[in-house]
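Trainee: Could you take a close look at the cysteines here for me? I would like to see them against the background of the whole chain.

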Amino acid sequence: MDLEKGNIRNRYGCSIENFIQDGYSICREERQYAVFLYNILRKYCNKDRRNGNDRVMDIFHACNIPSEAEIENVFYEVTFMRDFFERNRRIILGDEDCENLKKRLLQKTFSPSICRPTNKDNSFNAKLVQYVKGMDCPISYAGEENNLGHNEIACDELSDDEKRTIRYMMNAKPDIAVIYKENNRKKLLFLECKFESAECSYEGGDMQRDIQWKIAEFLCNHYLKEEVGISDKMEKEKKSCLVKFVREGTQNTSGTDGIWIKDLIDLNKEIFS
């Protein structure tokens, strides 16, 4: 009995080896398992690579990625809003000389001498404010081209709720963004990953996945110039897709039981073996 207890302690006790091992892994950080999912989505981006691999196919199903989809890009903890904003303002708030522009793009920080764009059609903030207000309610935004995630939103036509929505959109970071092609159409999918935790809510009642949907709708329908649609699942639910990581499940990893962390760990090991 004492020997059995000792084996149990070795098998499940605190050790580096047991931190990431199988369904009994000590690690409880969902971001760690999200990294494994990122690696799997990158590895099996081509449908020919994943065909015949039931565990991979179950994971793709749980992520609401169509079986015929070809993945073009996967981004981890993606900050589309603040990064597109920053790149846009470095372009529109400086001179158009190519060499000077390239220097601005390489700088760690950027402090423009002129903070208001000469053409509102080029303003990231003007387009974002119009989207949140509603496309059927024309609004004139003449504020500075500062990050509205943490700077004042100088627009009296916006309600407090609308200003909060803008801040949430600018600061949100979907766990994973997938760009895939289906039927020759490029689509965007946001994945919000959870492990032993629930989806968070914002002041005012919006949930994480509600705000992530708004980001996708703004980028795909009102900002990005290339043709990128929104994934069918997100379009239907008006939310990003929830992916649950679980320690144990039923017959397979798809459906309400989510994705087994053991499958994520094993497949990640195979990728780097």
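**The cysteines in their setting**

Mentor: Happy to! Keep in mind that this is a predicted model. The protein chain is built with twelve helices and six strands. Its C-alpha trace spans about 75 × 45 × 40 Å along the principal axes. Of the 273 residues in the protein chain, 44% are buried. As for how the sequence folds back on itself, take the contacts between residues at least 6 apart in sequence: 61% of them join residues at least 24 apart.

Now to the outside. The protein chain has an accessible surface of about 15,200 Å², and carbon and sulfur atoms account for 46% of that surface. The protein chain also carries 43 positive and 48 negative charges, and the mean positions of these two sets lie 2 Å apart.

With that background, let us turn to the cysteines. A disulfide is a covalent bond between the sulfur atoms of two cysteines. Searching the whole structure for such bonds turns up zero disulfides. Cys193 is a good case to work through: the nearest cysteine sulfur belongs to Cys63 and is 7.0 Å away. A disulfide needs two cysteine sulfur atoms within 2.5 Å, and Cys193 is in no disulfide.

Their surroundings are worth a look too. Cys193 has a relative accessible area of 0%, so this residue counts as buried. Cys98, by contrast, has a relative accessible area of 49% and is partly exposed. That label follows because exposed means over 50% and buried means under 20%, with partly exposed in between.

Note on methods: Residues numbered from 1 in each chain as written. Predicted model: local features only at pLDDT ≥ 70, side-chain atom pairs only at ≥ 80, totals over all residues. Heavy atoms only, no water. Helix = DSSP H or I, 4+ residues; strand = E, 2+ residues; numbered from the N terminus. Buried < 20%, exposed > 50% of the residue type's maximum accessible area, 1.4 Å probe, protein only. Contact = heavy atoms within 4.5 Å. Areas by Shrake-Rupley, 256 points an atom, 1.4 Å probe, with all protein chains shown as cover. Lys, Arg positive; Asp, Glu negative; His and termini not counted. Charge placed at Lys NZ, Arg CZ, Asp CG, Glu CD.
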